[in-house]
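Work through these exercises with the sequence and the 3D view open. Try each task before reading its solution.

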Amino acid sequence: MTRHLPRRLPATAVAFLVCGLLFAFATIRSPDFASASHMRQLLVFASFVGFAALGQTLVILSGGLDLSVPWVMALGGIQLSIWNGDGMSSALGVVLLVLIGGALGTVSGLGVTALRIPPIVMTIGMGGLVLGYLMRVGLGSSTAASAPAAAERLVNDTILGLPLIAYVWLAFALAAAWLLRRTAFGRALYATGANETVARLAGSRVAAVRVAAYAASGAASAFAGILLSGYVGQTYLNMGAPYLFSSIAAVAVGGASVLGGSGSYWGTVAGACTLTVLAALLPTFNLDAAWLNIVYGLVILLAVGINRVAARAANG
Amino acid sequence: MSALAASVRDAGFVLKRLPRGEWGTPLLLATLIVVDVSIQPALLDVTQIGLLIQTALVAVLLATAQTLAVLARGVDLSVGSVLVVTDVLTATKLGGLEGDRLALLPLVLAVGAAIGLLNGALIAYGGLEPFVATLATWAIFDGVALLVLPTDGGAPPQQLTNLAIGETAGIPNSYIGLALVLLAWFALRRSPLGVRVLAVGSDAERAFLNGIDVRRTKLIVYTLGGFVAGIAGVYLAASTSTGVPTAGDGLLLPSLAAVVIGGTSLAGGRGGVGLSVMGVFVLVFIGDLVAALQLPSWVATVASAAMLLIVVSLRSLPQVLARKETA
Amino acid sequence: MSGEPHTTQAQPVLDRPSPFAAGDGDGLRVAGLDKSYGPIAVLAGVELHARPGEIHAVLGENGAGKSTLMKVLSGVIHADAGDVSLDGAPLALGSPDAARGHGIRTVFQELSLVPDLSVAENLLLEALPTRPPGLIGRRRLLRDAAALLERTGIAGLDPRRRVRELSLATRQQLELAKALRTPPRVLILDEATSALGPAESEWALAHARAQARAGAVVIMISHRIAEVRGHADRLTILRSGRSVATGRPGDFDDDGLIEAMLGRRVERLYPQRCPAGERVVLRARGLHVPGGFGPEDLELRAGEILGVGGLEGQGQRALMLALAGAVPWHGQLELDGRPLHHRSPRAAIAHGIVLVPEDRQAEGLLLNHSIRSNIALSSVARLRGRLGAIDRGREAEATAREARGVGLDAARLGEPARNLSGGNQQKVVLARALMTEPKVLLLYDCTRGIDVGSKADIMAALAELTARGVAVVHYSSDAAELVHLCHRVLVARGGRIAGVLERDQLAEDELLHLAVGTRGGREETAA
């Protein structure tokens with residue numbers, strides 16, 4: 001079988017393996033862990049991380065980072081609930097918000113490519129603008145505005161025992177994998193993240209793929225926020241906060257290089273699952289939710305460290 | 001010549017050295033001050049200004065920590081989390097129900113430095129990129145802070161609060177705090193260590209050729225940054241008389257914005273804390289103006305973020321236009 | 001602000017005696033020095049003996065190992081094997097600090113000045129004067145810096161200025177002044193006059209002579225043969241990492257020098273040259289890269305291999321990058337008679353001009369990606385099948401074909417590019433360029449540092465290419481290659497074309513003479 005891109009399959013497989021091991025371990029400690037309803041719940045949680053990390057994967061592959069994810073997520077949930085309250089149809093609202101998220105991401109991408117603003121600065125700035133807007137929209141701590149019905153159905157309804165959202169996620173994962181592995185866009189994205197100079201001199205569309213990556217991140221984050229609001233049933237300013245670390249950690253655990261140029265979305269999927277299981281493990285140890293942050297940080301360090309060691313060993 | 005006089009002369013030296021392009025920020029700050037004072041004449045009062053500086057001091061300290069990292073061609077995403085760790089420690093361990101244990105203050109400050117040391121070790125000796133290392137420690141220590149103090153509360157020692165918001169010889173202590181920060185910076189800038197930091201940030205390879213221990217310099221930079229961010233946390237707890245474990249996340253953007261607006265180069269090697277302090281006050285006066293005009297607080301948030309993006313774009317523009325390479 | 005500094009005419013006088021014994025030590029001895037990067041041996045048993053009180057020149061072509069040798073002596077890189085001793089005592093050169101501790105001072109070719117520090121800070125970086133609280137004594141710093149500038153004869157330079165603002169020439173002078181802050185035992189000058197005009201060059205060399213007279217060992221690398229003749233007492237010639245000749249400048253005439261530098265190699269690996277076509281494929285008028293090259297005119301004919309020669313850094317890079325669309329350029333370009341305004345490599349490739357870049361590892365290859373995807377990188381758009389996806393079958397077939405065309409093993413295409421030898425890596429980059437079916441192929445020193453076998457494969461591919469009418473622009477640091485492979489060669493010097501040699505005029509010594517300016521050619525306006 002021909003192999004085109006860096007051998008990330010082992011990393012993805014390892015990530016799934018680790019996820020499985022953790023799951024088994026959790027089940028031993030607490031048999032309910034493997035109950036059907038719990039697993040459904042875990043899958044739903046993982047899909048939130050998965051969508052938040054979808055764009056983040058593309059951005060990181062291109063050699064950047066998106067720190068505006070939590071705010072665009074919050075925008076998705078909050079704005080949709082406001083529009084629902086004003087009578088707009090959910091479907092229209094979702095489409096609009098995904099487009100708006102994409103537009104915001106495009107602005108970030110343009111800043112990074114055309115103005116050569118460092119991604120961290122650009123996306124933190126954009127995040128601040130979105131935050132300011134959300135503050136203006138004026139929430140207090142939470143609105144109990146009803147979450148969009150569609151979102152609720154996505155996370156609650158099931159087909160063949162799996163929540164709808166899992167199928168949606170799968171579809172996106174397949175699409176992302178196809179995009180990355182089978183299209184010119186994907187090649188250009190990997191090339192740009194691996195070595196921008198090489199990509200440019202070889203004629204890759206460096207600017208276009210970068211902007212597209214950030215645009216995708218904005219759109220995916222908005223969508224993730226809508227999903228999240230559907231599940232939680234309410235929206236609040238900080239609803240996206242945990243997803244900054246978890247989206248980046250998922251990408252790292254999946255074996256991608258945080259510097260760009262190698263990785264895959266399947267790896268991120270594995271990372272999202274692993275992190276979700278880890279998060280669910282904490283209560284079984286009577287560990288506070290605060291440990292989740294600590295776990296994210298440690299996982300990032302571990303994943304990056306292992307990546308470096310593996311890379312050095314491979315290049316001997 | 002006394003250190004104070006030397007520093008004053010240095011301040012003049014710094015101002016004179018500002019290349020033409022750098023007059024933007026001082027001008028912006030001056031404009032904001034003029035506008036704000038004309039709207040609120042009552043501001044022109046030692047105590048009022050002292051209060052302003054008091055609210056600014058936390059941002060000044062974080063911007064200082066961030067400036068150090070940026071000067072060495074890095075970034076410190078964890079400044080906010082170092083702050084909350086020392087903040088909650090101050091609120092719970094130094095004070096609290098068991099009475100005041102001020103003697104532990106050095107330990108709390110040491111925690112800040114230790115986190116900085118961890119960052120520095122990961123970056124300088126572990127070879128991690130600054131954004132990765134400090135992103136991870138950001139997450140970790142945000143969590144640690146929440147473990148120490150899950151919700152707002154705690155009681156920082158009264159003596160610290162008195163120190164933070166009190167006066168000495170008729171001058172609010174916040175002036176002294178600000179002056180100390182600037183003095184410390186000018187001292188660093190004028191020390192061999194300061195020159196080494198700038199050299200490492202400007203061109204690490206050439207710094208190495210000149211016998212500079214690049215790794216050790218970076219280690220020191222991040223350790224110092226952690227120490228300063230730690231002071232910010234203690235100060236915040238003292239001046240607000242409470243501990244807030246979630247205060248950190250919203251402070252990262254202002255710390256970066258202050259550095260960018262002030263004019264320190266994100267590529268390292270150029271700039272300084274003096275500039276970043278100006279950047280902090282630009283943001284502070286924007287906030288004060290917003291409050292004075294009775295505009296909702298979101299205006300200040302948007303203005304800060306917008307200012308960051310606009311300034312960084314403007315600074316990038318000359319290089320982009322004179323670009324050496326095409327698309 | 002003051003204008004550019006100038007040097008004073010007075011002969012530099014050492015105002016303090018050298019602490020080192022004058023002239024009776026053994027000097028600097030290098031024996032058996034080896035240094036390899038992977039399979040490529042940059043230094044292979046270098047021998048050198050530079051005596052105190054003498055200026056010892058080191059000559060050699062690009063890539064002969066001169067700079068690597070200097071870096072080893074300066075403690076910047078570690079040799080794999082060999083000994084270095086000074087006055088009989090072995091030297092441990094583990095770091096730049098260690099080298100400086102032995103009294104070795106180097107004027108680096110790429111300069112060791114930190115751009116964002118001031119002149120004063122740079123000059124005194126190793127010895128910043130401090131006062132009690134541990135702060136730098138600013139007044140003393142400026143005074144000492146000014147004194148150093150005065151002592152070394154650089155006038156009109158404000159020590160507070162940032163180095164970044166200074167011209168390259170001024171920086172080179174500062175680099176020398178820095179090296180002379182304390183009297184050196186060994187002074188190494190690596191192309192220390194490359195950016196200097198005649199007066200400043202004399203100034204620099206006068207300093208070298210003064211140090212030698214004071215008993216130091218002075219080693220200089222220079223391409224300016226006139227300089228070497230005028231100032232060096234002895235010289236050593238490096239070729240392919242070995243010392244091949246040593247003696248007094250008077251022992252060699254110009255031809256002899258160049259003959260030693262180039263060597264007498266049996267060159268049978270160059271394929272037959274077919275006559276070039278008549279049709280002009282690429283025409284440039286007033287081609288100008290601001291700050292880099294031109295304005296110049298040139299023409300490229302179908303089936304022709306146009307060589308580009310000259311010493312490094314004479315504008316060839318700007319020229320090649322401009323043709324490739326990678327840097328902004330002015331002037332007029334015509335491809336097949338139609339005007340060309342390409343502003344990006346992507347546009348250039350779309351029109352049929354493709355570049356094989358200078359540094360195959362940093363600019364040419366995605367090292368962790370497979371060979372196959374590297375080869376396909378520039379052509380992915382044309383490999384699309386259904387639904388816009390890349391047709392893997394076509395990709396595999398096309399890349400295999402290109403790989404075979406340059407002599408790569410088609411079975412290994414799935415491996416990461418990092419695994420290949422330098423020669424094979426170069427072939428990958430070439431294959432990628434060829435896959436775009438170009439009309440004009442730009443090669444930037446593509447045979448540098450690769451094995452003979454790979455060179456032969458590449459040249460065979462070029463021969464086949466030109467037979468089909470593709471035009472090639474071939475910049476090479478290997479004069480023999482230019483002579484035997486190209487139809488014509490233009491020699492760059494100082495960002496302009498110093499001369500163009502037609503086929504019947506092509507000879508290695510002619511090329512080198514044009515490159516260094518020791519014979520005729522178009523006059524340069526400033527040295």
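**Exercise 1.** How many residues of chain A are in contact with chain C, and how many of chain C with chain A?

Solution. This is a predicted model, where local features need pLDDT of at least 70, side-chain atom pairs count only at pLDDT 80 or more, and totals for chains, interfaces and linings use all residues. Residues are numbered from 1 along each chain as its sequence is written, with chains lettered from A and ligands numbered from 1 in the order in which they are written.

- Step 1. Apply the contact cut-off: C-beta atoms, placed from the backbone, within 7 Å.
- Step 2. Chain A contributes 25 residues and chain C contributes 30 residues.
- Step 3. On chain A, α7 (164-182), α8 (184-194) and α9 (196-201) each supply at least two residues to this side. Helices here are DSSP runs (H or I, at least four residues), numbered from the N terminus.
- Step 4. α8(A) gives the largest share, five residues.

**Exercise 2.** Find how many residues chain B and chain A each bring to their contact.

Solution.

- Step 1. Chain B brings 37 residues, and chain A brings 33 residues.
- Step 2. On chain B, the elements giving two or more residues are α6 (130-148), α12 (252-262) and α14 (298-321).

**Exercise 3.** Which residues does Leu442(C) touch, leaving out those up to four places away in sequence?

Solution.

- Step 1. Within chain C, list Met320(C), Leu323(C), Ala324(C) and Ile353(C) among them.
- Step 2. Complete the list with Val354(C), Leu355(C), Val356(C) and Val473(C).

How values were computed
Contact = placed C-beta atoms within 7 Å.
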